[in-house]
Amino acid sequence: MPFLKQFCIYCWISGTFLFSAHAVYLKTSRDVSDDQYIDEAIFQNLSYEFVAKPQSWGRANEVCESQGGKLLKYLDCEIKDFFSEVFKDNQITAPGFWVGEGLTGSYAECVIQVMPTAQPADRPSAPFCTYVIMEPLQLVTTPYCNMTLGYLCTHDSQADEDENMQEQKSIRVRRSTDTTILDLLLKMDQSTSNLQDLLNFAETILYKIANDSVEITHDSKKKYLSDILNALKKLTTIDDLSKNRTINCTGGIILYAIQQCEPDDSPEHLEELLILAVQIYQQINILTQKNTNLVYVWDFLSGTLFATKQNPENMQNMSLGSPDKGVVQFPTLDAYKSQLPSSPLDIQMFSYNTNPMVAESNFSVTGTVCSLSLSAGESNVKLSNLSSFIEIFLPRPEATEPTIASMPVKYGFALITSFNITDPNSTVLVTAVPDQNVSLLLLLSSTHQSNNHSQRTILTGRGDNYRWLIHPEMLNGTTNGTMYVNITLLNYTSSFPVTVNLTLMNFKCVYWDVNENDWSRDGCWVGPKTQPNMTHCLCNHNTFYGSSFFVMPNPIDLSKTAELFATINQNYVVASVLGAFFFLYLILLAWARYADKKAQRTRKVMLLEDNHPCAHYNYLLNVQTGNRKQAGTTAKVMMTVEGTDGETDVHNLAYPDQPAFEKGGVDMFMLSTPFPLGELQNIKLWHDNTGGSPDWYLQKVTVQDLQTRQVWHFMCNTWLKGNGDTPCKRTFNPAKKNEITSFGNLFHARTSTGFRDEHIWMSIVNPPRHSPFSRVQRVSCCMCLLLCTMVINIMFWNIPKDGESPVIVKLGSFELTWQQIMIAVESALLMFPINILIVTIFRSIQPRVQKEDEDNAKINTSSKSSVASMQSILKDTQDIVNLLSKSPKNCVIALQQNLETTADLFAALNQMHDVTVHIQGQTVGDQHWAHCSRFVFHTSCHLSSLLDRAGEKVFPHPEDLNLAKNTVNLTLKKAEALTSTHPVQSFVPVQETKKKTGCKLPWWFVFVGWGLLVAISGISTFFTLLYGFKYGKESSIKWVITLSLSMFQSIFIIQPLKVVGLAIFLALILRPVAVEDNQEVEILLDEQREKCESYCGRHMH
């Protein structure tokens, strides 16, 4: 941002002395002059008159010289302290005192701070005048020399000579050169690790430039401040003395830069020095643990700079600027957090008083112009494509109030106003304020008559303040002409007219496009908070990265298609290669179809056969067999799960009609319990050591609570080997969080999944077991990708080299040109989007899962009508009591032996009844009792049905049957009541959770995927043949060799590296812990419900 050289700046002069104090004779008098406005003080044989009578600077200078004196022209720290004593002891009320032109003196000893000041936009050019403000003492340089202030007049001839000598010395400083400064700067650069030594050298430099005939260039000033900043960054704390010395040294060089500037100096130089000074002050605040979020304001003739340093989290809704200079307000942090670094940011907003680009563009820009820059260290931070707008408020101090036209409007009549389009980038603000609380319908059209295609809006006054912004996009491409706004009353039936106060205002929001070197409005809009004297802009800070050319592929004449295909007898190379690929594809397609059918039988979750029909608290087991040699097992695998609130019975993990636990396989089962097990403590796994290959390498087991969605991971990674008839029983505890998220575990899981799923070529052999992306689809996607690669490769093959293309990277003989980069970009844009879309469709399709045949799902009515035996009653009752005894919370004693007599039956039924009594005294809301009550209810229904079908012959005594029925019916009624008082919580279903975790496409999207695949493959094959016939036989052979090397590199180098790199990134950064959801669980829940209804003879609720 270019700064003009003229500026106004405050300097606060305070601090300690580096020289010994002189003896001071202090005398003040009001008797020296009869003028009541004059105070006189004597210091070091010099008379200082403080004249409070207001005068302009020119008049003050004339009056002082007419009395034989001069306005103050020399000031040092001793004189400054003297002035402070004078004003402390005397009541001098002038707001400021004019001093002489070109005030000189030694300021190296004084603490100098830059103070902000606000100046009007229409300030005049040089010359500048200086005045002094007391308490605290400040020097102010201003171009307003006509303002009236007091003045400070000095009287002494010897002092005049000393001042002349000091002035000449100051002039010589700017004209002579001394290498001493360079030596001192070198010593500063070598002392950044020792702040005290560095400040000693810095003070020496300030002393020399203030008192000796030496010069310091802009680069040296910049190096001076950079060394101070680097030294501060190496500190963790700073004492008060070092802080004050640092402020002195920083302010001293800034003041020197201000005083010694020449008209031909670069306007950017002062900006660089000021920004470094701001960073030094901010670093001091950090070291002293003060507020580091201060906003520093620097005022110049060309505008005002607002600078601050903020952490990214503090930028949410942050405002920077002032209402009279312009304000920038950032949106919420979510809109741009991803584009920000984690380190603190330097934020600068510069508000220009005039358009700084007036010489660069003829674009008409009125009002305030501001720029916004963000930087982190040495790099700039660019914000682009923000989801929420950055709001910019630009004042228009010279704007006039718009003319208000008051017009009466009756119901059924329209008020029509118009405006001419003179600037296609302007936004028109229509304000139509009625004198009554009514709604207005506004229509925009290019004619007096509106139509159905007219832009329209309804103004209600609630939220819109009866204002309508007509953006350029709403003009339908009209760049000139007249547009009409039709205003009518909406839902107003009164016969009295409504007076509408109508105004039209014209605004535009633009930014400087560095690529076009002109103003542009892309990404910026006029906002709804715009006022006549304030433009409200909304910008998303789009940044355009363009290139001047695209590399065109080798041309092909489609009109010669038949002629080129007729040359197949002479050039059969490309056709032969394509034929070989299609032949290999058909072979792989047949194998993939066979493999998919074989794997289809195992691609489902198994509801364990030994689950009790009335147990409805479900866990999803995911058992992963390792990929080691002979890792699968032929033995029968058993398992138990133990939690804090109970344990399961022994379950047999097996499929009824297919093998399980094959090498590299993932087997999923749904285990059901009557009640929640609580926090899982361990699982026990073993097998019966049968079959031809019983040894089993178990890699991992995950158990997911389908009600609460909680997951437990069991890292097994061990062999289960039995010894003869003795099974190998292992107990596994759940892994801790640090074990689950360890780099080794996640990297192994990611690479295994990556090569089996993400690597499109290798995943054909062994894809994930439960992936909807079949082998047939994977083989076809590989063929489509191969054909796309071939056509893109042959399109750009052997393209002529552009000698004028710039070289981007050069390492020895290797050169990377812009032409090569554009070919790579265009190839990626042609090949990857469509192929990624096809693969994504196949991955995201929800399988078409169908229920089992209705015959298998029907309730077996014949079993209901059969007579129940005593053995079945005793066995079912025994199973129920044993399941209830698995939880200590139920207070049920486990049966020590099988039930054999009616006495044993009554004892077991009484235990079931005691469970209902126990539940009645428990707290409502505990899910353990909610599920237990339902289990007791459904099992009681089953026992009641058995007793009804048993008859009196089953029991030795008729009264035993009645007693059993009474006990069961009593338990049934209490359990049914408990199901109402202890409701089961409604947890998130599997399908709803899947909607939140990822997007799944309906099953019929498979036809969309196949359609795209066939179309792309056909087009690629056609153009590959066309280019091959055009190139001729010899060129086609060379191309095939090049293609083979490229394919080998892609399949065996680039793709594996991509998988490994992605695995490392996800393992180190993301560290996700997830378990696979499966929509087949919903089918199993329906099957479980049907089994329960068949078992208990009642409909579940």
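Me: In what order do the four strands of the open sheet with E20 and E23 stand?

Reply: The order is E20-E25-E22-E23, and the pairing is antiparallel; strands, like helices, are DSSP runs numbered from the N terminus (at least two residues for a strand, at least four for a helix, H or I). The model is a predicted one, in which local features need pLDDT of at least 70 and side-chain atom pairs count only at pLDDT 80 or more, while totals for chains, interfaces and linings use all residues. Residues are numbered from 1 along each chain as its sequence is written, and side-chain values use heavy atoms, with hydrogens and water left out.

Me: What makes E20 and E23 the edge strands?

Reply: Strand E20 (414-421) and strand E23 (455-459) each pair on one side only. Across this sheet, neighbouring strands are turned against each other by 20° on average, with direction ignored.

Me: How do you know that E22 and E23 pair?

Reply: Two strands pair if DSSP finds at least two bridges between them, and five bridges join strand E22 (residues 439-445) to E23, which run antiparallel. By that definition E22 and E23 therefore count as paired. Within this region, Leu444 stands opposite Gln455 in E23.

Me: Why is Thr417 called buried?

Reply: Thr417 lies in strand E20 and has a relative accessibility of 14%. Buried means under 20% relative accessible area, exposed over 50% and partly exposed in between (1.4 Å probe, protein chains only), so Thr417, at 14%, counts as buried. Leaving aside residues up to four places away in sequence, Thr417 touches Met483, Tyr484, Val485, Leu502 and Leu504, where contact means heavy atoms within 4.5 Å.

Me: Why is Asn491 called exposed?

Reply: Its relative accessible area is 75%, which is over 50%, so Asn491 counts as exposed. Asn491 sits in the loop between strand E25 (481-490) and strand E26 (498-507).

Me: What is the phi of Asn491, which is not a glycine?

Reply: Asn491 has a positive phi of about 55°. Most residues other than glycine have a negative phi. Cys891, in the loop between helix H17 (870-884) and helix H18 (902-920), also is not a glycine and has a positive phi of about 55°, and with 56% relative accessibility Cys891 counts as exposed.

Me: Why are H4 and H6 called roughly parallel?

Reply: Helix H4 (residues 180-189) and helix H6 (residues 218-233) pack at an angle of about 25°, with their axes 9 Å apart. The axes are lines fitted to C-alpha atoms, for helices over the stretch in contact, and angles run from 0 to 180 degrees between N-to-C directions. Angles under 35 degrees count as roughly parallel, over 145 as roughly antiparallel, 65 to 115 as roughly perpendicular and the rest as oblique, and H4 and H6 are therefore roughly parallel to each other.

Me: Which residues make the contact of H4 and H6?

Reply: Leu182, Leu185, Met188 and Asp189 of H4 meet Ser220, Lys223, Tyr224, Asp227 and Ile228 of H6.

Me: How do you know that E38 and E39 pair?

Reply: Eight bridges join strand E38 (residues 696-705) to strand E39 (residues 711-720), and the two run antiparallel; the requirement of at least two bridges is therefore met. The bridge partner of Leu698 is Thr718 in E39, and in the hairpin of E38 and E39, with five residues between the strands, Arg709 takes a positive phi near 70°.
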